[in-house]
Amino acid sequence: RYSMGGVADETHLEDNFDAIQRCFGQATVDGVLDALAKESSPWASRTLAQVQAMAPLALRVTFELFRRGQTCSFEDALSIEWRLARRFYGHPDFFEAVRALEVEKDGAPRWAPPPSPEEVSRMFGPMSEAECLPLDMSSWQLHLSDNNKAAFGRGEMRV
């Protein structure tokens with residue numbers, strides 16, 4: 001269901017090892033995107049399209065998480081993961097993903113614009129008191145059609 005078409009090919013890592021190193025060895029997401037665009041191979045074209053389809057905030061936060069994860073303790077890693085989970089839940093891109101992939105299933109999410117480096121850094125910062133309260137699941141930020149609201153109410157649709 002969430003297959004990326006061709007990524008599971010057993011030989012793609014070995015066959016593209018040098019290009020993977022060149023492209024994903026960049027210091028920033030934009031550097032990775034530029035490097036993929038400069039590669040002239042079907043693998044690079046497919047990979048570029050797949051990466052560009054992802055939510056810009058999630059892509060940049062994940063890239064930063066990999067960087068930070070190289071040097072943090074296990075306890076710090078769990079703390080960071082908790083913060084990110086809480087913050088992503090409240091971000092419009094989360095609800096857009098649910099809308100595009102689960103509710104309307106149009107497969108065409110309309111992501112928020114790419115974040116600034118400061119916005120990415122704030123995702124990793126200490127949590128405010130309000131962020132530490134239990135999640136309010138009573139008022140979803142989804143805009144459901146009447147049919148989808150009924151299906152959700154009957155438990156026929158998951159989010």
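Leu33 touches Leu48, Val51, Gln52 and Arg60, leaving aside residues up to four places away in sequence, where a contact means heavy atoms within 4.5 Å. The model is a predicted one, in which local features need pLDDT of at least 70 and side-chain atom pairs count only at pLDDT 80 or more, while totals for chains, interfaces and linings use all residues. Residues are numbered from 1 along each chain as its sequence is written, and side-chain values use heavy atoms, with hydrogens and water left out.

Leu33 also belongs to the contact between two helices, α3 (residues 29-38) and α4, whose axes come within 8 Å and cross at roughly 150 degrees; the axes are lines fitted to C-alpha atoms over the stretch in contact, and the angles run from 0 to 180 degrees between N-to-C directions. Leu33, Leu36 and Ala37 of α3 make this contact with Trp43, Ala44, Thr47, Leu48, Val51 and Gln52 of α4. By class, the contact has seven nonpolar, two polar and no charged residues, with Ala, Val, Leu, Ile, Met, Phe, Trp, Tyr, Cys and Pro counted as nonpolar, Asp, Glu, Lys and Arg as charged, and the others, Gly among them, as polar.

Thr47, one of the residues in that contact, lies in helix α4 (residues 42-52). Thr47 is buried, with a relative accessible area of 10%, since buried means under 20% relative accessible area, exposed over 50% and partly exposed in between, using a 1.4 Å probe and protein chains only. Apart from residues up to four places away in sequence, Thr47 touches Phe24 and Leu36.

Leu33 and Leu36 appear again in the largest nonpolar core, which has 13 residues and in which Cys23, Leu33, Leu36 and Trp43 have the most contacts. Such a core is a set of buried Ala, Val, Leu, Ile, Met, Phe, Trp, Tyr and Cys residues joined through side-chain atoms within 4.5 Å. The elements giving two or more residues to this core are α2 (17-24), α3 and α4, and the largest share, five residues, comes from α3. A second, separate core of eight residues includes Leu57, Leu65, Ile80 and Phe124.

Across the whole protein there are nine helices and zero strands, these being DSSP runs numbered from the N terminus, with at least four residues of H or I for a helix and at least two of E for a strand. Buried residues make up 33% of the 159 residues.
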